[in-house]
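Work through the exercises below with the sequence and the model open. Each task is followed by its solution in steps.

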Amino acid sequence: MAEKSLMKGNEALAEAALRAGCKCFFGYPITPQTEIAAYLSKRMPKVGGVFLQAESEVAAINMVYGCAGSGIRCMTSSSSPGISLKSEGISYIAGADLPCVIIDVMRGGPGLGGIQPSQADYYQITKGVGHGDYHIIVLAPSTVQEMADCVTRAFDLADKYRMPAVVLADGLLGQMMEPVAFDDAEIVMSDASNKPWAANGHGNKRKHNIINSLYLQAPELEQTIRDRYQRYAEIEKTETKAVADYCDDADIVVVAYGSTARLAKSAVDEARKQGIKAGAFRPVTLYPFPVNEINAAVKNAKKVLVVEMSMGQMVDDVKLAINCSKPVEFFGRTGGVIPAPAEILAKIKEMGGND
Amino acid sequence: MTNEFLLAGFGGQGILFAGKLLAYVGLYAGKEVSWLPSYGPEMRGGTCNCSVTVSDLPIGSPLILNPTQLLVMNTPSFDKFIGAVKPDGMAFIDSTLVEGTSDRTDIKCFYVPATGLANENGLKGMANIILAGKLLKEIGLTDEAVIEKAMKKCIPPKKADKLESNMKALRLGMDYEG
């Protein structure tokens with residue numbers, strides 16, 4: 001492992017994407033994710049990749065659609081309003097069973113909202129973004145090193161299951177610098193080997209492949225969706241990931257993801273210092289949601305507290321996952337305001353953490 | 001042990017650079033570090049600030065509301081943040097640019113005429129580094145080898161000729177009494 005350097009989350013993610021063999025990047029600038037595009041515009045040409053600033057977010061996601069169809073690893077990145085624009089394309093890519101990686105560095109919404117960190121797009125991202133019956137894989141990093149690690153995993157999972165994978169971050173993670181290390185391995189760009197479905201040049205040596213999301217016969221469309229849902233079932237069984245700290249004996253388990261999980265962990269550490277039995281649970285995969293893991297984590301808890309930088313969205317999935325077996329309360333700040341660990345601690349105490 | 005540095009001033013004074021230097025000093029001293037800039041519209045000509053945490057433990061919130069050390073280079077930021085410094089904390093104030101003084105008795109204030117010192121010593125634009133030097137001295141992170149390694153890392157290769165003057169500015173800050 002090489003020496004650690006300080007990098008912004010956005011830059012670490014971009015470097016990791018290259019190292020995962022991402023050969024093509026299509027994007028359009030928007031704060032707070034622009035460093036991803038800026039970094040790749042410098043690095044991509046040096047390692048034999050393609051950096052393309054599209055004329056719009058809609059164009060960028062459709063370029064990803066085409067590129068993914070050729071079997072090459074590709075990526076786009078944006079922030080909340082830009083992701084809304086990409087939603088049609090994401091649905092088409094899912095409907096065509098193509099792998100790609102999409103980065104969402106969330107900011108405050110709705111509308112143009114603001115440029116400060118937010119988690120108000122949880123519903124949008126974890127419920128598929130666009131129209132139709134489908135899922136996309138969603139990974140939520142919590143540190144700069146994880147920004148890098150998650151993008152690598154996103155490419156692997158996207159290829160394995162032939163579907164879009166999203167790294168869901170926010171402005172805090174994108175903009176902050178922390179130490180990050182990359183190994184010294186040479187960068188190898190991806191190609192279409194091991195992708196027999198790819199629609200690329202084949203010199204008439206095989207039957208041509210067709211990539212499409214249109215099925216006018218209802219039974220045929222139903223069958224493709226059912227087949228896809230079998231894959232989703234496999235993903236839900238095998239690909240969940242979460243981190244639990246001090247949950248075994250906790251009276252109150254605090255559930256948070258992404259950068260908010262760091263703030264929640266600080267509050268839980270302080271609670272423990274004050275003799276309050278609090279635990280911290282962090283979903284790393286948001287789809288698939290870590291259902292078994294969260295049930296194990298809250299088994300001995302009296303109450304659950306969900307903390308988000310939104311008015312409360314993941315809290316619904318927490319209630320579903322534990323089947324409302326414990327009282328679930330919520331604390332959040334929104335619009336770009338970052339909750340302070342002291343506020344979270346106050347909520348833990350209000351919930352009877354002192355009893 | 002956790003140091004929470006809040007650096008604030010105008011855009012263009014090198015607030016983010018000084019923060020990056022402190023973060024690298026922390027990293028090379030074997031600590032956990034985080035660096036978080038303000039990235040709002042204030043970047044464009046208005047006030048600018050940066051949170052740097054250096055700790056023995058993994059860092060939770062990278063956002064600092066109540067610093068243990070404040071480094072401040074303009075009056076609006078001084079007025080805004082001096083009250084937020086934690087009791088027993090320190091403030092490093094560019095007294096060439098900041099009007100007024102603090103009446104807080106529970107923190108140590110160091111009034112360093114950093115911009116004046118920089119101009120007198122042919123180090124124009126390095127007041128940020130002079131203040132960072134004073135800060136490093138006062139918190140006891142003064143291993144010269146570590147600091148020089150951090151400075152080398154922070155200065156891009158094409159500006160390598162600036163290393164010497166930056167190190168001079170750092171030493172000027174470290175040696176400043178007052």
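Domain bounds here come from an automatic or database domain assignment. The model is predicted: local features need pLDDT of at least 70, side-chain atom pairs count only at pLDDT 80 or more, and totals for chains, interfaces and linings use all residues. Residues are numbered from 1 along each chain as its sequence is written, chains are lettered from A in the order in which they are written, and side-chain values use heavy atoms, with hydrogens and water left out.

**Exercise 1. Describe how the two domains of chain A meet.**

Step 1. Chain A splits into domain 1 (5-180) and domain 2 (242-353). Their centres, taken over C-alpha atoms, are 26 Å apart.

Step 2. Count contacts (heavy atoms within 4.5 Å). Domain 1 of chain A contributes 28 residues and domain 2 of chain A contributes 24.

Step 3. Take the buried area, which is the accessible area (1.4 Å probe) that two parts lose on being put together, summed over both. For the two domains of chain A this is about 2,300 Å², with 52% on carbon and sulfur atoms. Gln119(A), Tyr122(A) and Tyr123(A) supply 31% of the area that domain 1 buries against domain 2, more than any other three residues.

Step 4. Look for salt bridges (a side-chain nitrogen of Lys or Arg within 4 Å of a carboxyl oxygen of Asp or Glu). Three are found across this domain interface.

**Exercise 2. Describe the interface of chain A and chain B.**

Step 1. In this contact, 23 residues belong to chain A and 21 residues to chain B.

Step 2. The chains bury about 1,700 Å² between them, and carbon and sulfur atoms give 67% of that area.

Step 3. One salt bridge is counted between chain A and chain B. Lys149(B) pairs with Glu3(A) in a salt bridge, with the closest N and O atoms 3.5 Å apart.

**Exercise 3. Characterise the largest pocket.**

Step 1. On a 1 Å grid over the protein atoms alone, a pocket is an open set of points where a 1.4 Å probe fits, with protein on both sides within 12 Å along at least five of seven lines; lining residues have an atom within 4 Å of a point.

Step 2. The lining of the largest pocket has 50 residues, and those nearest its centre are Ser266(A), Pro58(B), Ile59(B), Gly60(B) and Ser61(B).

Step 3. Domain 1 and domain 2 of chain A each provide at least three residues of this lining.
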